[in-house]
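Colleague: Got a minute to go through this model with me? I'd like to ask about a few loops and a helix.
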Amino acid sequence: MKQLFILFLFISFAIQAQDYSEIDAKVRNYTKYKSAQKLANKIKADFNNDGDKIRAVFIWLTHNIKYDLKEYFNPTSKKISFKYSNEADKQLKLQRIKDQVVDEMFSSRKSVCEGYAQSFKKVCDLLEIEAIVIKGYARNSTGEIGRIPTTSNHAWNAVKVGLKWQLIDATWAAGYAINNKWEKHFTEYYFYPKPSELLRTHYPDDINWQLIKNPISKKIYANQPIIGQGFFNKNLQLINQNKGILQSKLTEFKIKNLTKNHIVGYLFKGQKYGKKATATINNNIGTFSINLTGKRNSELYIFIDSEIALEYKIK
């Protein structure tokens, strides 16, 4: 989990047409189960269709599991080796290791991303719902713009709903870290986000799990600006400035679906107070300019309605 640098003013926003309020309310009253099996049994008893069951797993994890910052900063060294006689034996022993991760999370009610992702898959397995753990790289720090990923640092899930694969990140949905402290804060966005949008922050090791027609390269991923849920929740689309590094000069931004009711603000790295940007609206496209002159080697943060929406490096 890489949510350690800027406080995101997250606002929960339902992006799905389905109303999950009844499911959410019921699951948030569940017991803090100590095993995946007991949680699966309860979900199976309460819900009939796979979509409701998937939502129930997601809500229980985000409501009951705390992110383990101590483990994140000082990971416990665990070198695991084992012998196996054939592929089936290998997979069996690997599953036992994964199950141990799940058992530890349910017991302590805290984990890093691996625990969230493995637990989501385990409960789905018990519910006979097809799901996988996706390993890859995640970013939401401006300092990571232009840095091509070389190793994995995150895990999230894909789950099959009917004939379609959907993405889920229970870790990022559960909360965020600020000033070396984890804050519980539910974020709806990471339940079935659009694959093309999640690719702004999440890059899977296996490009097939980008779930888009034309997969992007690591270089394209790395050179994007950081675009947060405060942008996508409002159904906005960035028309220009699609590269994460900007020149130190007067710079124009164009955003589709920006309206006169949206309040656009910005500030640079190290500043305590921001400024308001005045946008003009024409043909459903909002245009505003920010003077980056003299701001070389700084960072630009653009807010829309008090939520951080866009982040750039300035060269």
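Colleague: Is serine 306 buried or exposed?

Modeller: Keep in mind that this is a predicted model. Serine 306 sits in the loop between β17 (299–304) and β18 (307–314), and its phi is near 70°, a positive value in a residue other than glycine. Its relative accessible area is 52%, and the cut-off for exposed is over 50%, so serine 306 counts as exposed.

Colleague: Which loop residue has a phi near 70° and a relative accessible area of 39%?

Modeller: Look in the loop between β15 (280–282) and β16 (285–291). The residue there is partly exposed, because 39% falls between the 20% and 50% limits. Its positive phi turns up in a residue other than glycine: it's asparagine 284.

Colleague: What area does the nonpolar surface patch with Tyr84 have?

Modeller: Tyrosine 84 lies in the loop between α4 (69–73) and α5 (87–108). At 44% relative accessibility it is partly exposed, so it passes the over 30% needed for a patch. Together with Ile80 and Phe82, Tyr84 makes a patch of about 290 Å².

Colleague: How many residues of α3 are buried?

Modeller: Helix α3 runs over residues 50–64 and reaches 21 Å from its first C-alpha to its last, close to the 21 Å expected. The helix is mostly covered, and of its 15 residues the buried ones number 13.

Colleague: Which residue's backbone nitrogen does the side chain of asparagine 49 reach at the start of α3?

Modeller: The atom reaching over from asparagine 49 is a side-chain oxygen. It comes to within 3.0 Å of the backbone nitrogen of glycine 51.

Notes. Residues numbered from 1 in each chain as written. Predicted model: local features only at pLDDT ≥ 70, side-chain atom pairs only at ≥ 80, totals over all residues. Heavy atoms only, no water. Patch = residues over 30% accessible without salt bridge, like charges linked within 9 Å, V, L, I, M, F, W, Y side chains within 5 Å. Areas by Shrake-Rupley, 256 points an atom, 1.4 Å probe, with all protein chains shown as cover. Salt bridge = Lys/Arg side-chain N within 4 Å of Asp/Glu carboxyl O. Helix = DSSP H or I, 4+ residues; strand = E, 2+ residues; numbered from the N terminus. Buried < 20%, exposed > 50% of the residue type's maximum accessible area, 1.4 Å probe, protein only. Expected span 1.5 Å × (residues − 1). Polar contact = N/O pair within 3.5 Å; in protein donor to acceptor, adjacent residues only side chain to side chain.
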